[in-house]
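Here is a short briefing on one protein chain. Look over the sequence and the fold before reading the points below.

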Amino acid sequence: MESRTALPSDIDTAEGELWRRRLAARLTPGENERVQRRMEQHELRMITPGDGGWPAELSQLGPSKPLAIWIRGDIAPLNVPLEQRIAMIGARASTSYGDRMAADIAADLAGRGRVIVTGGAYGIDAAVLRTATDTAPGHAIAVLAGGLDLPYPSGHDDLFAHITGAGGLLLSELPPGTEPTKWRFLQRARLVAVLSSATIVVEAGRRSTSLHIAGIAHALGRPVGAVPGPLTSVASTGAHRLIQDGIASLIVNAADIIELTDPAARYAAGQPFTYSHARRSRLVGTGIGR
């Protein structure tokens with residue numbers, strides 16, 4: 001990061017410029033020095049496709065793949081096989097029912113050695129991050145929408161410190177000093193989806209960002225699951241829609257999720273591990289993945 005043109009040799013220059021304009025602050029030589037100082041102050045690392053530990057599945061994003069990611073904490077959770085990483089997402093304004101279901105399932109998954117991937121928001125994100133870390137330290141990854149020196153929300157500073165202190169990981173594609181924006185939250189969604197072998201929606205309203213993440217996961221050919229809630233609960237409207245539209249499998253416990261990500265388990269249960277063209281076509285009709 002010595003100058004604006006100092007991109008790693010395996011990154012196309014044109015792609016690098018597009019990435020900078022789309023997601024990152026304009027990194028002038030002076031900004032590069034400031035970013036480097038912030039990285040050192042906050043114990044951050046930047047990795048690129050040529051570095052050890054770079055997740056190969058990011059290439060599945062095609063032109064929208066990140067050209068670098070910043071991390072804080074232990075990279076080990078990111079380097080487990082893809083099938084061992086599960087995204088659990090849901091409403092920020094979660095209910096006590098949603099928090100309980102999220103915590104119970106996350107605890108079971110972490111106890112079985114799975115790494116939980118999610119954002120860092122209040123509600124379901126916080127419930128699964130806290131539970132996974134307490135159950136099996138080092139089994140949580142929080143993907144944030146801004147620079148890791150400015151983790152958002154600030155009310156989760158203690159939670160983020162707990163995650164990294166226990167061997168977990170914070171991850172962002174944005175350099176230090178970058179504030180989260182609505183667009184960056186939407187962009188963050190594709191990273192949560194692609195870094196996970198399955199995406200599980202615990203609670204989601206009709207317009208929840210979680211539906212956007214689920215749509216991306218489905219478009220990538222990754223299984224999606226949704227935990228049903230009370231029919232009268234607006235917090236579960238989106239989750240029910242995913243099930244009704246044939247995008248998500250109904251999830252009631254961790255065993256259901258293991259079947260989604262383990263072909264052998266699905267075969268033993270008499271459920272072929274396939275993704276039909278018809279189901280993907282229905283996604284386009286919903287507009288979820290757009």
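**An exposed glycine, then the fold**

G155 counts as exposed, because its relative accessibility is 51% and the cut-off for exposed is over 50%. This glycine sits in the loop between β5 and α5. The model is a predicted one. The protein has 290 residues, and 51% of them count as buried.

**Overall make-up**

- The secondary structure comprises 11 helices and nine strands.
- The accessible surface of the protein is about 12400 Å². Carbon and sulfur atoms account for 53% of that surface.
- Take the contacts between residues at least 6 apart in sequence: 75% of them join residues at least 24 apart.

**The loop between β5 and α5**

- P153 lies in this loop, between β5 and α5.
- The peptide bond joining Y152 and P153 is cis, with omega at about 0°.
- G155 has its place in the loop between β5 and α5 as well. Its C-alpha is 8.8 Å from that of Y122, although 33 residues separate G155 and Y122 in sequence.

**Nonpolar cores**

- In soluble globular proteins, nonpolar side chains tend to be buried together.
- The largest nonpolar core here holds 37 residues. M88, I105, L109 and I200 touch the most other members.
- Helices that give two or more residues to this core include α2 (29-41), α3 (96-111), α4 (124-135), α5 (157-165) and α9 (254-261). The strands β3 (85-89) and β5 (140-143) do so too.
- Which residues does M88 touch, leaving aside those up to four places away in sequence? They are A102, I105, A106, L109, I116, V117, T118, D125, V128, I200 and V202.
- Another core, of 35 residues, lies apart from the largest one. Among its members are L78, A87, V224 and A239.

**Packing of α3 with α9**

- Two packed helices are described by the angle between their axes and the distance between the axes.
- The axes of α3 and α9 come within 9 Å and cross at roughly 55°.
- The two helices, α3 and α9, are therefore oblique to each other.
- On the α3 side, the contact is made by I105, D108 and L109. On the α9 side, A254, I257 and I258 meet them.
- The residues of this contact divide into five nonpolar, no polar and one charged.
- I105 and L109 also appear among the residues that touch the most other members of the largest core.

**Helix α8 and its end**

- Helix α8 spans residues 237-244. Its buried residues are G238, A239, H240 and L242.
- What do the buried residues of α8 pack against? Their partners are β7 (198-201), α7 (209-219) and β8 (224-226).
- A239 is also one of the members of the 35-residue core.
- G246 comes just after α8 and takes a positive phi of about 75°.

**The loop between β6 and α6**

- E173 has its place in the loop between β6 (169-172) and α6 (182-194).
- Is E173 buried or exposed? E173 is buried, because its relative accessible area is 4% and the cut-off for buried is under 20%.
- The C-alpha atoms of E173 and G147 are 8.0 Å apart, with their positions 26 residues apart along the chain.
- G177 is placed in the loop between β6 and α6. At 32% relative accessibility, G177 counts as partly exposed.
- G177 touches R34, G147, D149 and L150, not counting residues up to four places away in sequence.
- The C-alpha of G177 is separated by 8.0 Å from that of L148, 29 residues apart along the chain.

**Helix α2 and the loop that follows**

- N32 is found in helix α2. At 2% relative accessibility, N32 counts as buried.
- N32 and P175 are 143 residues apart along the chain. Their C-alpha atoms are separated by 9.6 Å.
- E43 has its place in the loop between α2 and β1 (45-47).
- Phi of E43 is near 55°, a positive value in a residue other than glycine.
- E43 counts as exposed, at 66% relative accessibility.

Definitions and conventions:
Residues are numbered from 1 along each chain as its sequence is written. This is a predicted model: local features need pLDDT of at least 70, side-chain atom pairs count only at pLDDT 80 or more; totals for chains, interfaces and linings use all residues. Side-chain values use heavy atoms; hydrogens and water are left out. A nonpolar core is a set of buried Ala, Val, Leu, Ile, Met, Phe, Trp, Tyr and Cys residues joined through side-chain atoms within 4.5 Å. Buried means under 20% relative accessible area, exposed over 50%, partly exposed in between (1.4 Å probe, protein chains only). Helices (H or I, at least four residues) and strands (E, at least two) are DSSP runs, numbered from the N terminus. Contact means heavy atoms within 4.5 Å. Accessible areas come from the Shrake-Rupley method with a 1.4 Å probe; for residues, only the protein chains shown count as cover. Axes are lines fitted to C-alpha atoms, for helices over the stretch in contact, and angles run from 0 to 180 degrees between N-to-C directions. Angles under 35 degrees count as roughly parallel, over 145 as roughly antiparallel, 65 to 115 as roughly perpendicular and the rest as oblique. Ala, Val, Leu, Ile, Met, Phe, Trp, Tyr, Cys and Pro count as nonpolar, Asp, Glu, Lys and Arg as charged, and the others, Gly among them, as polar.
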